[in-house]
Amino acid sequence: MAPTNQAAWLTKAGTPLEVSDAPLPTAGPGELVVKNAAVAINPLDCHMQDHGVFVQQWPSVFGCDVAGEVYEAGEGVQSFKKGDRVIGHAINLVSGRPQDGAYALYTVIPANKAAILPDTISFTDGVVVPFALEAAVCALSLKVPGVAMPGVATPALALPYPSLEDVPASGKTLVIYGGSSAVGSMTTQIATATGIKVISVAGKHNFDFSKRCGATQVFDHKDPLVVEKVIEAVGTSEFIGIFDVVATPETYAHDLAIFAKLGGGHLASVHPPPPDLPANVTGGMIFAVNDIATPVWEEYVTPALKAGKLQCLPPPTVVGKGLEHINEALKKCKAGVSATKLVVEL
Ligand SMILES: NC(=O)c1ccc[n+]([C@@H]2O[C@H](COP(=O)([O-])OP(=O)(O)OC[C@H]3O[C@@H](n4cnc5c(N)ncnc54)[C@H](OP(=O)(O)O)[C@@H]3O)[C@@H](O)[C@H]2O)c1
């Protein structure tokens with residue numbers, strides 16, 4: 001007998017999700033249906049719940065991160081079979097289809113946004129990786145600016161993909177403003193694995209965490225001298241620019257002060273960069289669903305997880321077990337987290 005599915009549905013912006021039956025999805029060509037064991041919460045989900053942003057179809061099922069077992073592999077899928085343990089990036093954000101949202105017992109994901117999860121890693125740990133990983137690759141590896149949203153270009157830092165080998169230091173430096181966040185810490189790991197030196201700006205209590213992700217130096221975002229300290233730390237190395245994962249007027253002011261001293265560079269951000277950037281600063285906003293990440297999914301994630309080169313960071317905080325805990329997890333996400341990703345087990 002076919003299993004039954006349930007999902008946490010948003011029927012109207014600004015209301016709690018409601019858990020109820022959902023059709024059991026089927027895998028189209030190039031897709032997987034995953035029986036979810038754990039799903040993660042991202043700030044984007046809070047905006048979707050509160051304001052209905054990106055919702056294309058009502059009622060909506062959203063959520064970006066899944067970990068679980070392959071229930072069905074669609075036509076043309078070579079690398080996965082039923083029963084495989086996987087992590088994957090659910091892309092309701094672009095498709096709008098409810099079956100592509102993570103907050104369900106069964107979710108459809110593209111096979112090229114999935115990777116086998118080594119047996120030594122729990123679903124709860126593995127589920128912190130997918131969306132942040134794709135965001136990191138989008139921040140670092142695009143070669144040509146695309147469109148993040150109407151009138152806003154994506155960054156194009158054109159950095160190489162992460163390597164499974166120990167790569168020599170490239171002599172280039174990237175500043176990650178918000179290095180203890182989910183996206184910032186994953187980008188620190190990925191940039192480090194390309195030979196880039198990362199200088200991180202994070203809370204004082206997260207210096208060790210940020211270094212564990214690969215940052216060589218970390219500075220406190222509350223330190224009144226943070227700008228001067230970052231400038232000094234970059235020193236004479238080749239300065240690529242700043243990935244601003246916080247993207248507030250305060251952090252943008254700091255970014256611009258750093259660029260003014262270091263001669264400009266790339267300002268990659270998670271939100272639209274400030275208008276009227278100086279001519280020597282190239283601004284862009286990431287949009288974290290992009291096929292630029294496919295080679296990383298296909299060739300890097302599983303062996304890197306196995307080798308411990310890619311760590312499941314930030315560590316998960318389990319909010320509860322069952323779809324009914326998603327509302328509580330969204331509330332906790334809105335209250336703010338520090339160097340952790342909120343996870344609901346299923
Ligand atoms: N455009 C896209 O495609 C895209 C994709 C993914 C995410 N995003 C956006 O990116 C942002 C980050 O997402 P996330 O999941 O990584 O967030 P998160 O993990 O929830 O962010 C929490 C972290 O932010 C840090 N933080 C807060 N204020 C800071 C400041 N002034 N300076 C330095 N760090 C600060 C905190 O650091 P401490 O605790 O150490 O102080 C904390 O660890 C969100 O706004 C999200 O919506 C955009």
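Start by selecting A158: it counts as exposed because it has 12 C-beta neighbours inside 10 Å (exposed means 12 or fewer other C-beta atoms within 10 Å of a residue's own, buried means 20 or more, partly exposed is in between, and C-beta atoms are placed from the backbone). A158 is found in the loop between β9 and β10, and has a positive phi of about 55 degrees although it is not a glycine. Helices here are DSSP runs of H or I with at least four residues, strands are runs of E with at least two, and both are numbered from the N terminus.

Before you go on, two bits of housekeeping. Residue numbers count from 1 along each chain as its sequence is written. You're looking at a predicted model, where local features need pLDDT of at least 70, side-chain atom pairs count only at pLDDT 80 or more, and totals for chains, interfaces and linings use all residues.

Stay in that loop and pick G171, which also lies between β9 (152-153) and β10 (172-177). G171 is exposed, with 11 other C-beta atoms within 10 Å. Which residues does G171 touch, leaving out those up to four places away in sequence? Select S237 and E238; contact means C-beta atoms, placed from the backbone, within 7 Å.

E238 leads to the next stop. In β13, E238 is the bridge partner of K172, and β10 pairs with β13 (residues 238-244) in the parallel sense over 6 bridges. Pairing requires that DSSP finds at least two bridges between two strands.

Now show the whole open sheet: 6 strands in the order β12-β11-β10-β13-β14-β15, with parallel pairing. β12 (217-220) and β15 (281-285) stand at the edges with a single partner strand each, so one side of each is left without a neighbour in the sheet. Add helix α8 (residues 249-262), which lies across β10, β13, β14 (265-269) and β15 and runs at about 170 degrees to β13. Axes are lines fitted to C-alpha atoms, for helices over the stretch in contact, and angles between N-to-C directions run from 0 to 180 degrees.

Next, D276, in the loop between β14 and β15. Is D276 buried or exposed? D276 counts as exposed, with 5 C-beta neighbours inside 10 Å. Its phi is near 55 degrees, a positive value in a residue other than glycine.

Jump to helix α1 (residues 43-51), where D45, M48 and Q49 are buried. These three cover an arc of only 95 degrees around the axis, which puts them on the same side of α1; the arc is taken from the directions from the helix axis to the C-beta atoms. They pack against α10 (326-335). To see the contact, select P43, D45, C46 and Q49 in α1 together with L330, C333 and K334 in α10. The two helices pack at an angle of about 110 degrees, with axes 9 Å apart. Right after α1 comes G52, with a positive phi near 70 degrees.

For the two cis peptide bonds, go first to W58 and P59, where omega is about -10 degrees. The bond from L313 to P314 is cis too, with omega near 0 degrees, and P314 lies in the loop between α9 (294-307) and β16.

Finish on strand β17 (residues 341-345): 4 of its 5 residues are buried, so β17 is largely enclosed by the rest of the structure. Strand β16 (residues 316-321) runs parallel to β17, joined by 5 bridges, with T317 partnering L342. β3 (residues 31-40) pairs with β17 in the antiparallel sense over 3 bridges, and A40 stands opposite V343.

Definitions and conventions. Contact = placed C-beta atoms within 7 Å.
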